[in-house]
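Here are my notes for a colleague who is meeting this structure for the first time. Please read the numbered points with the sequence and the model side by side.

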Amino acid sequence: AKVVVVPSTATLVIKALKEPERDRKKTKNIKHNGNISLDGVIEIAKIMRPRLMARDLRGTVKDLMFPWSVQSFV
């Protein structure tokens with residue numbers, strides 16, 4: 001059996017924002033800001049596709065973006 005580790009959506013979004021590494025024990029309550037291109041969102045959706053219950057890639061992108069209240073995709 002082969003084990004595959006898929007990172008969480010939050011981890012992939014922070015990577016796409018190109019934020020520096022931080023010490024999670026010392027720095028708390030960080031506000032993340034920045035822009036992610038549509039290509040970056042689609043790449044995250046392709047990685048997360050097996051874990052989400054959407055039928056197609058469009059549904060996966062909507063499922064990813066809903067928590068961040070992006071109304072242009074809904």
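1. K18 is a convenient place to begin, because with a relative accessibility of 72% it counts as exposed, the cut-off for that class being over 50%. K18 belongs to the loop that runs between helix 1 and helix 2, and it follows helix 1 with a positive phi, near 60 degrees. Although K18 and N35 are 17 residues apart along the chain, their C-alpha atoms are separated by 9.8 Å.

2. Please bear in mind throughout that this is a predicted model. The protein chain contains 3 helices and 0 strands, so that, when it is read along the sequence, the pattern is α-α-α. Of the 74 residues in the protein chain, 18% are buried. Among the contacts in the protein chain with a separation of 6 or more, 35% are between residues 24 or more positions apart.

3. The first pair to look at is helix 1, which covers residues 9-16, and helix 2, which covers residues 38-48; their axes come within 10 Å and cross at roughly 155 degrees. Since an angle over 145 degrees counts as roughly antiparallel, helix 1 and helix 2 are therefore described as roughly antiparallel to each other. The crossing in which helix 1 passes helix 2 is right-handed. On the side of helix 1 the residues that meet helix 2 are T9, L12, V13 and A16, and their partners in helix 2 are I44, I47 and M48. Sorted by class, this contact of helix 1 with helix 2 comprises 6 nonpolar residues and 1 polar residue, with no charged residues.

4. Which residues of helix 1 are buried? They are T9, L12 and V13. Viewed down the axis of helix 1, these buried residues fall within an arc of 100 degrees, and so they line one face of the helix. The buried residues of helix 1 pack against both helix 2 and helix 3.

5. In helix 2 the buried residues are G40, V41, I44, A45 and M48. Because they fall within an arc of 140 degrees when seen down the axis of helix 2, they line one face of that helix. D39 and K46, by contrast, are exposed on the other side of helix 2. The partners against which the buried residues of helix 2 pack are helix 1 and helix 3, the latter formed by residues 57-65.

6. How do helix 2 and helix 3 lie with respect to each other, and at what angle do they pack? Their axes are 9 Å apart and the angle is about 105 degrees, and helix 2 and helix 3 are therefore roughly perpendicular to each other. From helix 2 the contact draws on V41, I42, I44, A45, K46 and M48, while helix 3 contributes L57, T60, V61, L64 and M65. Divided by class, the residues of this contact of helix 2 with helix 3 are 9 nonpolar, 1 polar and 1 charged. Note that K46 takes part in this contact, although K46 is also listed as exposed.

7. In helix 3 the buried residues are T60, V61, L64 and M65. These residues cover an arc of only 125 degrees around the axis, which puts them on the same side of helix 3. The buried residues of helix 3 pack against helix 1 and helix 2.

8. L64, which is found in helix 3, deserves a closer look. With a relative accessibility of 4%, L64 counts as buried, the cut-off being under 20%. If its neighbours within four places in sequence are left aside, L64 is in contact with T9, V41, I44, A45, M48 and L52. Of these partners, T9 is one of the buried residues of helix 1, whereas V41, I44, A45 and M48 are among the buried residues of helix 2. As for L52, its C-alpha atom and that of L64 are separated by 9.0 Å, the two residues being 12 residues apart along the chain.

9. The last residue to check is M65, also found in helix 3. Its relative accessible area is 14%, and M65 is therefore buried. M65 and V41 are 24 residues apart in sequence, and the distance between them in space is 8.5 Å, C-alpha to C-alpha. Both residues also appear in the contact of helix 2 with helix 3, V41 from helix 2 and M65 from helix 3.

Conventions. Residues numbered from 1 in each chain as written. Predicted model: local features only at pLDDT ≥ 70, side-chain atom pairs only at ≥ 80, totals over all residues. Heavy atoms only, no water. Axes fitted to C-alpha atoms, helices over the stretch in contact; angles between N-to-C directions. Helix = DSSP H or I, 4+ residues; strand = E, 2+ residues; numbered from the N terminus. Parallel < 35°, antiparallel > 145°, perpendicular 65-115°, else oblique. Left-handed = near helix turned anticlockwise from the far one by under 90°. Contact = heavy atoms within 4.5 Å. Nonpolar A, V, L, I, M, F, W, Y, C, P; charged D, E, K, R; others polar. Buried < 20%, exposed > 50% of the residue type's maximum accessible area, 1.4 Å probe, protein only. Arc of directions from axis to C-beta.
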